[in-house]
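Let's take a walk through the empty spaces of this protein and see who lines them. Have the model open and follow along.

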Amino acid sequence: MAKKYRFILLLLILTLVQARATASATAKPAYWIAVPQTSAHDYGVYYFRKNLNLTQLPAAMRVEVSGDNRYELYVNGQLASAGPAKGDLHHWHYETVDLKPYLKPGNNVVAAMIINEGEKRALSLYTHRTAFYLHALDAIGAELNTDPSWLCIQDHGYQPLNTKVAAFMAVGPCDILNMHQHIAHWCDTTCDLSKWRPAQVLALPAYADRSYIYGYPSVWQLMPSTIPQMERRMERMAKVRQSTLKLPKTFLNAPTSITILAHTKATILIDNKQETNAYVHLAFGYGRDAEMSLTYSECLWDDTKGTKSNRNVVNGKLMRGVKDSIISNGKERQIYRTLSWRTYRYVQLTINTHDAPLTLYDLYGIFTGYPLQLASTFECQDKELERILQIGWHTARLCAWETYMDCPYYEQLQYLGDSRIQALITLFNSRDDRLVKSFLDMADWSRRPEGFTMSQYPSTMEQNIPTYSLIYILSLHDYMRYGSDLDFVRGKLSGVRQILDYFKTWQLPDGRLKETPGWNFIDWVAAWGDPGEGPKGSEGATATADLFLLLAYQAAADLESQLGMPAMAKLYEAAAQRLAISIRSSYWNTTRGLFADDSNHRHFSQHTNALAILAKTTKTDEITAIAHQLLEDKSLAPCSVYFSFYLNSALHAANLGDNYLQWLDIYRENIKQGLTTWAETSDLAHTRSDCHAWGAAPNIEVYRIMLGIESTSPGFASVRIAPHPGNCKQLSGSIPHPQGNIRVNYRLSGQTLKAVIELPEHVSGEFVWRGKIYPLHGGRNENNYE
């Protein structure tokens, strides 16, 4: 009898779990499914498909879809959704998509590809096991709920190809595709289904925002994606630079048939003219057993030691990079498409035919990226500056996909230090703040029980850069000032408190930090050595870390004062005041009129003194002198292109903004050396990455410094506009605002500035010109200022 009751109780529990898990109008359950008798964790490419017969088109057919590691969902051969958006097992995203636009009366094929990159997968990808999940939200689509009625198969034509590049890489493998084993037409009606099998049921779904009796029925905690689908669009490659074949002029510009004779080895070097991220497509035919490879690189190399020079020059240079490999099966029409997107400026196609000639039909890319739309404008007579902004925006776009990325070629990781700059670029140039909020969410999710955040997230490589936890607080403060969702910020304040409580553990009695655990990275500075850590004094403290802590205290105090608990604000203000006194007493060098990096006053840098200005540890009469030394004292350890964001902000705070155009030499050198995106470091001959968005700060600074637009209250509710046109006699531009746009137009004639400033209706503020302050009201403000 007891067994009977236990059995009934078990049935009741499963019924309740299912009712809560599906939470829809459909009675047919949806499960996580897999291909039976295949590895749960190893590399593999898997297909799932289901036929759906419709007598008429429905008003809508919404589904929730997800997969592990990655999925692509096709309806009648058209891509309907791709994902899941990156997260972790406790925040596993699903996409909601309406299939109606892809459906037709009669038979429809709904098919999915699941890609598991195995142990060599990108560090930014979490995984539990290979699986697919689809759940219909509308009753008419209940037949599509994933269960054993779905057919599935593994494509054994794919194998991983790990290409070694002489630098740290965190991306996944490239592809080896043997077309002899590849399953063609897997998502259309012509596919041979004779070897396909019913899917294996793994588990019921679990949603992170729902309750479950006795725990969760599956590992993936599902939550809706908060970002849109990534952009995909055709992008033709630009130009052939070298070739051992005679190619028609139409090659690359349009589909073109080119025959490569039997027993031929051929090489074609293509220059895309600018760096890009794209899914590469190669269409070819015949040529049984012919071998082809596609090698991708940001640039060509001067030598095997990794030296780079002008990126436009190809003669005498070496091609090296990650590589895909394809073997032809001899059929008339074959198509290879990279499973993941590749980053490249240069692509080298090599072909080795055997006993049969091969025909090339086409080679092109499908650009992909987060669908940011440029909503800012900037015009001046300095066309070089406009070019700098164009390159900066292109760099920012290539470093934004489902997360912000440090670099698209090597790592694709969302570092909190980099992402602060990238988030500000987004806020100043786009109306879409979803990626900004996603970044802040993920930083918050990465917090460990002790209180610190991971330095990059999502990532299966746990790395702690202490100052990046503090920079996260600065990023949240940035969003409070420029963003629109203040309730979102309020929800993050408990995390801010935990972070700052963690740092108390590592504070000396005077409030300074002593040897916090982790990688205490600040910037890539040759004088500091490879780890990029600021010099420490004999007690183990360094000024740069202490100043970031001070900035975090100040930001937290403002966050609490504006949106949180006034009592907490007072605590942070007191902690900031005590730390500011300690920083000045420990690091200020009266003889040099500068702050030292260490308490022994052996090392001095632009970094420490820029942060000292921003943290307001300088006296009023010292700021200008320190700022001039930042520009003139060559003995100071210099900021890289990354840390120039803080340096230029400090120079602006010192009222030197009219000299802004003089601070951009590193960008001019990038352009001179043929780069089409900004390099990772200022050493262009030895920089690892040629695309790093932490160097795109001019796409913030021209609006903040030259146009002078700043927020002075949460939600950008009020503004301060203090232009620094420098030598530009005519200057205009606009930035998006939560309530519309801010537009400015300046005309400088002699000592008179004619300014037209347009603010959203309910936004007010002040205009500052040559030390005088004038009120601004919502709408159009037009005046002459002396």
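About 880 Å³ of space lies in the second largest pocket, and keep in mind as you look at it that this is a predicted model. Its lining runs to 29 residues. If you want to find the middle of this pocket, go to His 182, Ala 184, His 185, Trp 186 and Ile 335, which lie nearest its centre. Four strands each put at least two residues into the lining: strand 4 (70-75), strand 19 (265-286), strand 22 (334-337) and strand 24 (358-369). Strand 22 gives the largest share, with 4 residues. Sorted by class, the lining of the second largest pocket comes out as 17 nonpolar, 7 polar and 5 charged residues.

Where does the second largest pocket lie relative to the domains? Domain 1 (32-157 + 172-224) and domain 2 (231-369) both contribute residues to its lining, so the pocket lies between them. The domain assignment adds two further domains along the chain, domain 3 (377-706) and domain 4 (707-785). To get from the centre of domain 1 to the centre of domain 4, taken over C-alpha atoms, you have to cover 51 Å.

That brings us to the largest pocket, with a volume of about 1200 Å³. Here domain 3 and domain 4 each supply at least three residues of the lining. There are 34 lining residues, and Arg 481, Leu 614, Lys 616, Ala 653 and Glu 710 are the ones nearest the centre. Helices and strands both take part: helix 5 (466-482), helix 8 (543-563), helix 10 (606-614), helix 12 (644-653) and helix 14 (698-706) each give at least two residues, and so do strand 28 (709-711) and strand 29 (718-721). Helix 12 has the largest share, at 6 residues. As for the chemistry of the wall, the lining of the largest pocket has 14 nonpolar, 11 polar and 9 charged residues.

Let's pause at Ser 711, which sits in strand 28. Is Ser 711 buried or exposed? Its relative accessibility is 4%, and buried means under 20%, so Ser 711 counts as buried. Its side chain reaches two backbone oxygens: that of Arg 481 at 2.9 Å and that of Ser 713 at 3.0 Å. Arg 481 is also one of the residues nearest the centre of the largest pocket. Leaving aside neighbours within four places in sequence, Ser 711 is in contact with Arg 481, Tyr 482, Phe 716 and Ser 718.

Now for the closed spaces. Rolling a probe the size of a water molecule over the atoms shows where empty space is left. The count comes to 6 cavities of 30 Å³ or more. About 80 Å³ of space lies in the largest cavity. Its lining includes Asn 69, Trp 92, His 93 and Tyr 126, along with Pro 84, Ala 85, Lys 86, Gly 87 and Asp 88. By class, the lining of the largest cavity divides into 5 nonpolar, 4 polar and 2 charged residues.

The second largest cavity holds about 60 Å³ of space. Among its lining residues you'll find Leu 513, Lys 514, Glu 515 and Thr 516, as well as Gly 540, Ala 541 and Thr 542. The lining of the second largest cavity is made up of 3 nonpolar, 4 polar and 3 charged residues.

Key: Residues are numbered from 1 along each chain as its sequence is written. This is a predicted model: local features need pLDDT of at least 70, side-chain atom pairs count only at pLDDT 80 or more; totals for chains, interfaces and linings use all residues. Side-chain values use heavy atoms; hydrogens and water are left out. On a 1 Å grid over the protein atoms alone, a cavity is a set of points where a 1.4 Å probe fits but cannot get out, and a pocket is an open set with protein on both sides within 12 Å along at least five of seven lines; lining residues have an atom within 4 Å of a point. Grid points are joined across faces, edges and corners, and a volume is the space filled by probe spheres set on the points. Ala, Val, Leu, Ile, Met, Phe, Trp, Tyr, Cys and Pro count as nonpolar, Asp, Glu, Lys and Arg as charged, and the others, Gly among them, as polar. Domain bounds come from an automatic or database domain assignment. Buried means under 20% relative accessible area, exposed over 50%, partly exposed in between (1.4 Å probe, protein chains only). A polar contact is a pair of N or O atoms within 3.5 Å; within protein, one must be able to donate a hydrogen and the other to accept it, and residues adjacent in sequence count only if both atoms are side-chain atoms. Contact means heavy atoms within 4.5 Å.
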